[in-house]
Amino acid sequence: MKINSKDFRVHEGDRVNLRKWPTEVSRIYTSKEHYQNLLDEHVAQLSSLQQLFYASNRYAVLLIFQAMDAAGKDGAIKHVMSGVNPQGCQVFSFKHPSATELQHDFLWRTTRDLPERGRIGIFNRSYYEDVLIARVHPEILRSEGLPDAPTDEGSIWHGRYRSIAALEKHLYDNGTRIIKFFLHLSKEEQRKRFLERIDEPDKNWKLSSADIAEREFWKDYMQAYEECLGATSTSQSPWYVVPADDKPNARLIVSQIVLHTLEGLKLSYPKTDAKRRHELLSIREELAK
């Protein structure tokens with residue numbers, strides 16, 4: 001199977017029904033060895049492009065990962081970005097906001113960690129939590145102490161969608177390219193992965209009773225994701241719905257989408273003009289002494 005990024009892209013203005021988006025597609029790989037070879041290819045290409053990306057110093061890239069628990073966000077980040085120079089890449093994870101963060105607007109805590117030009121930033125969860133978990137659990141929204149909070153909850157979320165869209169447009173206009181991944185996991189596959197976390201001692205730490213409690217809100221989360229994806233996927237900062245029941249497949253799809261985006265930037269190494277060439281020749285003469 002050839003990976004076409006457009007197959008997983010949510011187009012601007014789409015009404016999203018996640019029941020119509022698959023959680024599993026035909027395998028891109030034929031064996032574990034074939035998967036590893038394909039991933040190694042993608043990682044090598046990413047490493048080469050990241051060096052060019054850093055040298056050109058024209059753009060920043062922000063990768064956003066959102067998903068239900070056990071969908072494979074950590075693994076996708078670890079495997080896909082394994083060949084990228086750590087100096088040019090940073091990963092940030094955002095969980096429940098701290099007391100200090102609750103004293104600011106919902107975008108504040110993540111905007112502090114946006115990547116600078118020439119670098120790749122990765123958000124493992126992001127400001128989108130404030131239109132997802134905060135929607136499913138209204139007590140989180142109440143804890144934010146919003147002044148003159150609208151009584152109509154719908155207007156709160158639509159207001160936040162507009163704020164997010166405005167932020168992402170501002171970032172795009174200033175050179176940041178945003179790629180947003182929703183790792184689409186089925187409830188049944190999540191159940192299997194939770195059982196694995198019980199059966200395998202080195203994974204016990206990954207599971208808590210709170211994770212099980214959240215399964216009761218599955219339909220609420222799917223509804224929140226559907227509206228969020230439809231409202232905030234744009235031509236400039238698109239969402240990709242990645243089938244996540246097959247972890248290796250998901251990693252190959254994610255890596256191909258990142259590659260496709262970087263290749264589309266038409267990057268090149270800085271050109272050496274006459275002045276720079278003269279400087280380099282002077283340095284050569286100095287080193288030859």
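Biologist: Which residues do ring pairs link into a cluster with Phe 65?

Modeller: In this predicted model, ring pairs tie Phe 65, Phe 181 and Tyr 240 together as a cluster.

Biologist: Nice. How many aromatic pairs does the structure hold?

Modeller: There are 8 aromatic pairs. One of them is Tyr 127 with Tyr 128, a tilted pair at 5.0 Å centre to centre and 35° between the planes. Tyr 127 and Tyr 128 are both buried.

Biologist: And back in the cluster, why is the pair of Phe 181 and Tyr 240 called tilted?

Modeller: The planes of Phe 181 and Tyr 240 sit at 35°, so the pair counts as tilted, with ring centres 6.1 Å apart. This pair joins distant parts of the chain: Phe 181 belongs to strand 5, Tyr 240 to strand 6, and 59 residues separate them.

Biologist: Are those two buried or exposed?

Modeller: Phe 181 counts as buried because its relative accessibility is 0%. Tyr 240 has 4% relative accessibility, so Tyr 240 counts as buried too.

Biologist: What does Phe 181 touch, leaving out residues up to four places away in sequence?

Modeller: Its contacts include Leu 63, Ile 64, Phe 65 and Gln 66, along with Trp 239, Tyr 240 and Val 242. Val 254, Ile 257 and Val 258 are also in contact with Phe 181.

Biologist: Then tell me about the largest nonpolar core. Which residues have the most contacts inside it?

Modeller: Leu 63 and Phe 181 do, in a core of 43 residues. At least two residues of this core come from each of helix 1, strand 2, helix 2, strand 4, strand 5, strand 6 and helix 10. There is also a second, separate core of 36 residues, with Ile 64, Phe 106, Ile 140 and Leu 141 among them.

Biologist: You mentioned helix 2. Which of its residues are buried?

Modeller: Lys 73, Gly 75, Ala 76, Ile 77 and Val 80 are buried in helix 2. The buried residues there pack against helix 1, strands 2, 3, 4 and 5, and helix 10.

Biologist: Let's switch to pockets. What volume does the largest pocket have?

Modeller: The largest pocket comes out at about 1,100 Å³. Its lining has 41 residues, and Asp 69, Ala 70, Lys 73, Lys 95 and Arg 125 lie nearest the centre. Lys 73 is also one of the buried residues of helix 2.

Biologist: Which helix gives the largest share of that lining?

Modeller: Helix 7 does, with 4 residues of the lining of the largest pocket.

Biologist: And how does that lining divide by class?

Modeller: The lining of the largest pocket has 18 charged, 15 nonpolar and 8 polar residues.

Biologist: OK, what about the second largest pocket, what is its volume?

Modeller: About 270 Å³ for the second largest pocket. Of its 15 lining residues, Arg 9, Ser 235, Gln 236, Tyr 240 and Thr 261 are the closest to the centre. Tyr 240 is also part of the ring cluster.

Biologist: Where does the largest share of that second lining come from?

Modeller: From strand 5, which supplies 3 residues to the second largest pocket. By class, the lining of this pocket splits into 6 nonpolar, 6 polar and 3 charged residues.

Biologist: How many cavities of 30 Å³ or more are there?

Modeller: There are 2 cavities of 30 Å³ or more. The largest cavity holds about 90 Å³ of space. Its lining includes Pro 97, Glu 101, His 104, Phe 106 and Trp 108, and the classes there are 4 nonpolar, 1 polar and 5 charged.

Biologist: And which residues line the second largest cavity?

Modeller: Among them are Ala 71, Gly 72, Ala 76, Leu 183 and Val 254. Helix 10 gives the largest share, 4 residues of the lining of the second largest cavity. The volume of this cavity is about 50 Å³.

Biologist: Last topic: Arg 119. Where is Arg 119 found?

Modeller: Arg 119 sits in the loop between helix 3 and strand 4. Its relative accessibility is 22%, so Arg 119 counts as partly exposed. Beyond its neighbours within four places in sequence, Arg 119 is in contact with residues including Phe 53, Tyr 54, Tyr 59 and Gln 87.

Conventions:
Residues are numbered from 1 along each chain as its sequence is written. This is a predicted model: local features need pLDDT of at least 70, side-chain atom pairs count only at pLDDT 80 or more; totals for chains, interfaces and linings use all residues. Side-chain values use heavy atoms; hydrogens and water are left out. On a 1 Å grid over the protein atoms alone, a cavity is a set of points where a 1.4 Å probe fits but cannot get out, and a pocket is an open set with protein on both sides within 12 Å along at least five of seven lines; lining residues have an atom within 4 Å of a point. Grid points are joined across faces, edges and corners, and a volume is the space filled by probe spheres set on the points. Ala, Val, Leu, Ile, Met, Phe, Trp, Tyr, Cys and Pro count as nonpolar, Asp, Glu, Lys and Arg as charged, and the others, Gly among them, as polar. Buried means under 20% relative accessible area, exposed over 50%, partly exposed in between (1.4 Å probe, protein chains only). Contact means heavy atoms within 4.5 Å. A nonpolar core is a set of buried Ala, Val, Leu, Ile, Met, Phe, Trp, Tyr and Cys residues joined through side-chain atoms within 4.5 Å. Rings of Phe, Tyr and Trp (its six-membered ring) pair if their centres lie within 6.5 Å; planes under 30 degrees apart count as stacked, over 60 as edge-to-face and the rest as tilted.
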